[in-house]
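Please look through the structure below together with its sequence. The paragraphs that follow lead from the backbone to the helix packing and then to the side chains.

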Amino acid sequence: MSRGLVALSTREIVRVLKIWTMTIAAPIISSFLFILVFGLSLGGRLKQVQGVDYEVFIVPGLITMAMIQAVYANNSTSVFQARFDRYINDILAAPMRPWEINLALSIGGVVRALLIGIGLLACALAVVDVPIRHPLELILAIALALALFAAFGVIAGIYAHSWDHTAFVTNIVILPLTFLGGVFYSVDRLPSPWHEISHLNPIFYLLNAVRYGFLGTSDVSVALSLGVTGALAAVMVAWSSWLFRTGHRLKP
């Protein structure tokens, strides 16, 4: 492992930890409020979904939502700021391989997402009993999710022309797709054609892969969920790697 990779990764991690109240604590609190408001208030009416208590059913989706939003937001803003302040030129001129720069710029977002996920799970366990029935599948699903949105955040940060562009993707793309992917409900309960349309949502498969890892239940096959998420992650990682390898939109 090169000194440049370690130094740049450390810088990205320190950047996250310096303002931990905003980068880590705030997402945990806001997502935990969803568990309290929706889970505990609606749980008495909805009872169970797929044989699981409603307040437990929504926890995996909320953890996934918080993590992917965090890793995307962190990486997109970090890369855009590097371009905006022009210190990306110093990084590109350093004796580092393109893949090392790409990886180092992504690590801060991954660490942030993992801390949020662990913190939110700890808070959730204080009020509901959330099992982890398939830990290996859960680890794989989270790894693919973080790889997918870490790379997506880097790509967005490279192509963005303003701060608004990075926020636009979160508010108009990621957040709606996450809610419509089945965070608060099972897609199997939707009537046609909404049931079929939901299967076109890539985040639907990601949510189900994580939910299967936690609860052992899913709207679709876990193999299909992991396959779709893995394919999308491979595309995004390849795209971000190509950008750093060629210097597209990075080099003047």
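**A walk through the model**

Arginine 86 is placed in the loop that joins helix 3 to helix 4 (88-93). The model in which this loop is seen is a predicted one, and that should be kept in mind throughout. With a relative accessible area of 61%, arginine 86 is exposed, since anything over 50% is counted in that class. The backbone here deserves a look as well, for the phi of arginine 86 is near 65 degrees, a positive value in a residue other than glycine. Such a value stands out because most residues other than glycine have a negative phi.

Glutamine 50 gives a second case of this kind, with a positive phi of about 55 degrees although it is not a glycine. Its setting is the loop between strand 1 (48-49) and strand 2 (52-53), and at 29% relative accessibility glutamine 50 counts as partly exposed, whereas arginine 86 is exposed. A further backbone feature is found in the loop between helix 7 (163-180) and helix 8 (194-198), where proline 193 lies. The peptide bond that leads from serine 192 into proline 193 is cis, its omega being near 5 degrees. In general, most peptide bonds are trans.

From the loops we turn to the helices and the way they pack. Two packed helices are described by the angle between their axes and the distance between the axes. Helix 3 (residues 54-84) and helix 5 (residues 98-125) have axes that come within 8 Å and cross at roughly 155 degrees. That angle makes helix 3 roughly antiparallel to helix 5, because the cut-off for this description is an angle over 145 degrees. The crossing in which helix 3 passes helix 5 is right-handed.

Helix 5 also meets helix 6 (residues 135-159), and in this pair the axes come within 9 Å and cross at roughly 125 degrees. Helix 5 and helix 6 are therefore oblique to each other, and their crossing, too, is right-handed. Helix 6 in turn packs with helix 9, the angle being about 150 degrees and the axes lying 7 Å apart. Helix 6 is thus roughly antiparallel to helix 9, and the crossing between helix 6 and helix 9 is left-handed.

Which contacts bring together residues that are 82 or 76 residues apart in sequence? One of them involves phenylalanine 214, which has its place in helix 9 (residues 202-215). Phenylalanine 214 and isoleucine 132 are separated by 82 residues in sequence, yet their C-alpha atoms are 4.2 Å apart in space. At 3% relative accessibility phenylalanine 214 counts as buried, because the limit for that class is under 20%. The other involves glutamine 81, a residue of helix 3, whose C-alpha is 8.1 Å from that of glycine 157, with their positions 76 residues apart in sequence. Glutamine 81 is partly exposed, its relative accessible area being 26%, while phenylalanine 214 is buried.

The charged side chains come next, and the structure holds two salt bridges. In one of them the side chains of arginine 11 and glutamate 12 meet, with a nitrogen-to-oxygen distance of 2.8 Å. The two partners differ in their exposure: glutamate 12 is buried, with a relative accessible area of 0%, whereas arginine 11, at 35%, counts as partly exposed. The other salt bridge joins arginine 97 to glutamate 100, with the closest N and O atoms 3.6 Å apart. This pair counts as a salt bridge because the cut-off is set at within 4 Å. Glutamate 100, at 3% relative accessibility, is likewise counted as buried.

Where on the surface should one look for a nonpolar patch? Ile29, Leu33 and Val37 together make one of about 280 Å². Isoleucine 29 belongs to helix 2 (residues 20-46), and with a relative accessibility of 52% isoleucine 29 counts as exposed, the class that begins over 50%.

Terms used:
Residues numbered from 1 in each chain as written. Predicted model: local features only at pLDDT ≥ 70, side-chain atom pairs only at ≥ 80, totals over all residues. Heavy atoms only, no water. Buried < 20%, exposed > 50% of the residue type's maximum accessible area, 1.4 Å probe, protein only. Patch = residues over 30% accessible without salt bridge, like charges linked within 9 Å, V, L, I, M, F, W, Y side chains within 5 Å. Areas by Shrake-Rupley, 256 points an atom, 1.4 Å probe, with all protein chains shown as cover. Helix = DSSP H or I, 4+ residues; strand = E, 2+ residues; numbered from the N terminus. Axes fitted to C-alpha atoms, helices over the stretch in contact; angles between N-to-C directions. Parallel < 35°, antiparallel > 145°, perpendicular 65-115°, else oblique. Left-handed = near helix turned anticlockwise from the far one by under 90°.
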